[in-house]
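Look at the sequence and the structure below. Then work through the exercises and check each step against the solution.

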Amino acid sequence: MKAILANEKDIPTLQKLAKKIWKETYTQILSNEQIQYMLEQMYSYDEIYHHLQSPAWKYYLLTDDHHKYLGFIGFEKNYEKDTTKLHRIYLLAQSKGMGLGTFAIEQMIKSINKENSRIILNVNKYNSARGFYEKLGFKIYGKGVFDIGNGYVMDDYLMELILPKP
């Protein structure tokens, strides 16, 4: 497994992965219309490009040992004081159970551990990924319903992981 720091040339790959993974992940939770709306908002070329221009944002493409793309992770350092926000971690269904998610989180922690002592994320209340996060030590610290426009909301648990001091 490898985590490859993404740059502008990787935007089409990130978009392609997001589209496929979102359809695998969210069709039982969200309407097709909401999935399409969120993909257009969150994964437009301009949106990802803007993230990649910020020194706080990092995207890593996740590959197997044969350099096949299996997913990605996107996070923002210093989102709040001493806090990194994990905005995106998405894996193809075929790669689940291989330890790739744990590997991705470990790579993120290595890159932020000296700067931030807390990681936060939002997870849809009906997304089975919540169990994955809990297995890694994340705890629910709140709930939120967020208006994302066009009549859609995100109904999420807010989770956090407090990192040990380096």
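Two exercises follow, one on a strand and one on a pocket.

This is a predicted model, in which local features need pLDDT of at least 70, side-chain atom pairs count only at pLDDT 80 or more, and totals for chains, interfaces and linings use all residues. Residues are numbered from 1 along each chain as its sequence is written, and side-chain values use heavy atoms, with hydrogens and water left out.

**Exercise 1.** Describe how strand β5 is placed among its neighbours.

Step 1. Strands (E, at least two residues) and helices (H or I, at least four) are DSSP runs, numbered from the N terminus. β5 covers residues 118-124.

Step 2. Two strands pair if DSSP finds at least two bridges between them. Three bridges link β5 to β4 (residues 83-91) in the parallel sense; Thr84 is the bridge partner of Ile119 in β5.

Step 3. Between β4 and β5 the chain passes through helix α4 (residues 100-112), in a right-handed β-α-β crossover (clockwise from the first strand over the helix to the second, with the strands pointing away from the viewer).

Step 4. With β7 (residues 152-162), β5 runs antiparallel and shares seven bridges. Here Asn122 stands opposite Leu158 of β7.

**Exercise 2.** Which strand gives the largest share of the lining of the largest pocket?

Step 1. A pocket is an open set of points on a 1 Å grid over the protein atoms alone, where a 1.4 Å probe fits, with protein on both sides within 12 Å along at least five of seven lines; lining residues have an atom within 4 Å of a point.

Step 2. The lining holds 43 residues, and those nearest the centre are Tyr26, His87, Ile89, Tyr90 and Tyr133.

Step 3. The strand is β4, with seven residues.

Technical notes
Buried means under 20% relative accessible area, exposed over 50%, partly exposed in between (1.4 Å probe, protein chains only).
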